[in-house]
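User: Hello! I have just opened this structure and would love a friendly walk through it. Could you take my questions one at a time?

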Amino acid sequence: MANREEKTMKFMMIVKANKDSEAGVMPSEELLAAMGTYNEELHKAGVLVDLAGLQPTSKAVRIRYSGGKQSVIDGPFAEAKEQIAGFWIIDVKSREEAIDWAKKVPALHGPGTDSELEVRPFFGLEDFEPSEAIEKHRELGKKMGKTD
């Protein structure tokens, strides 16, 4: 992880799904190799926190909260381009550094395919006004071994 003596920011780089990823089409060996090289570069730079590919929404459920009640909705869900196929979590010094890493990601669904990567910052506890609730979150973070 990034050097904690400097203030860092966490970002999620979100891979948007496409019709193939939503259909369960697995990435090619070529794409897996390119992603492996990229992931190793993130790791060596000390910015990689976590990463994963996600199964299609046909294997997912959503929990909807409405009118004080919960309901479980089975996938698949419409609009593949609105779904998430995978993600990286990185811990970097700035938004610009996060964008630089995002620009290095190999073709997300293979060469020549349209794809989209969203880069979104995480909230930190410092983004909230001090309160008893925030202190409870901070204490839980300490129990989990988080220092920010």
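User: Leaving aside neighbours within four places in sequence, which residues is Lys16 in contact with?
Analyst: A note before we start: this is a predicted model. Lys16 lies in strand 1. Setting aside neighbours within four places in sequence, the residues in contact with Lys16 are Lys81, Gln83, Ala85, His109, Glu116 and Glu118.

User: Is Lys16 buried or exposed?
Analyst: The cut-off for a buried residue is a relative accessible area under 20%. Lys16 has a relative accessible area of 13%. That value falls under the cut-off, so Lys16 counts as buried.

User: Which side chain makes a polar contact of 3.2 Å with that of Lys16?
Analyst: Glu118 is among the residues in contact with Lys16. The polar contact of 3.2 Å joins the side chain of Lys16 to that of Glu118.

User: How does Met9 count, buried, partly exposed or exposed?
Analyst: Met9 also belongs to a strand, namely strand 1. Buried means under 20% and exposed means over 50%. Met9 has 34% relative accessibility, which lies in between, so Met9 counts as partly exposed.

User: How far apart in space are Met9 and Phe123, C-alpha to C-alpha?
Analyst: Along the sequence, 114 residues separate Met9 and Phe123. In space, their C-alpha to C-alpha distance is 8.8 Å.

User: Which residues have the most contacts inside the largest nonpolar core?
Analyst: That core has 19 residues. Strand 1 (9-16), helix 2 (29-45), strand 5 (84-92) and helix 3 (95-103) each supply at least two of its residues. One of the residues with the most contacts inside the core, Ile90, touches Met9, Phe11, Val49 and Trp101, among others. The full set with the most contacts is Leu42, Trp88 and Ile90.

User: What distance separates the end C-alpha atoms of helix 2?
Analyst: Helix 2 has 17 residues, and at 1.5 Å a residue it should span 24 Å. The model agrees with that expectation, because the end C-alpha atoms are apart by 24 Å.

User: Within what arc do the buried residues of helix 2 fall, seen down its axis?
Analyst: The buried residues of helix 2 are Leu31, Met35, Tyr38, Asn39 and Leu42. They line one face of the helix, because seen down the axis they fall within an arc of 100°.

User: Which exposed residues does helix 2 carry on the face turned away from its buried side?
Analyst: The buried residues of helix 2 pack against strand 1, strand 2 (48-53), strand 5 and helix 3. The face turned away from that buried side carries the exposed residues Glu29, Glu30, Thr37, His43 and Lys44.

User: Which residue with a positive phi follows helix 2?
Analyst: Most residues other than glycine have a negative phi. After helix 2 comes a residue whose phi is positive, near 80°, and this residue is Gly46.

User: Where is the cis peptide bond that leads to Pro76?
Analyst: Pro76 is found in the loop between strand 4 (69-74) and strand 5. Most peptide bonds are trans. With omega near 10°, the cis bond runs from Gly75 to Pro76.

User: What pattern does the protein chain follow, read along the sequence?
Analyst: The protein chain has four helices and six strands. Read along the sequence, they follow the pattern β-α-α-β-β-β-β-α-β-α.

User: What share of the contacts with a separation of 6 or more comes from residues 24 or more positions apart?
Analyst: Met9 and Phe123, at 114 residues apart in sequence, gave us a distance of 8.8 Å. For the protein chain, residues 24 or more positions apart account for a share of those contacts equal to 76%.

Methods: Residues numbered from 1 in each chain as written. Predicted model: local features only at pLDDT ≥ 70, side-chain atom pairs only at ≥ 80, totals over all residues. Heavy atoms only, no water. Core = buried A, V, L, I, M, F, W, Y, C linked by side-chain atoms within 4.5 Å. Buried < 20%, exposed > 50% of the residue type's maximum accessible area, 1.4 Å probe, protein only. Contact = heavy atoms within 4.5 Å. Expected span 1.5 Å × (residues − 1). Arc of directions from axis to C-beta. Polar contact = N/O pair within 3.5 Å; in protein donor to acceptor, adjacent residues only side chain to side chain.
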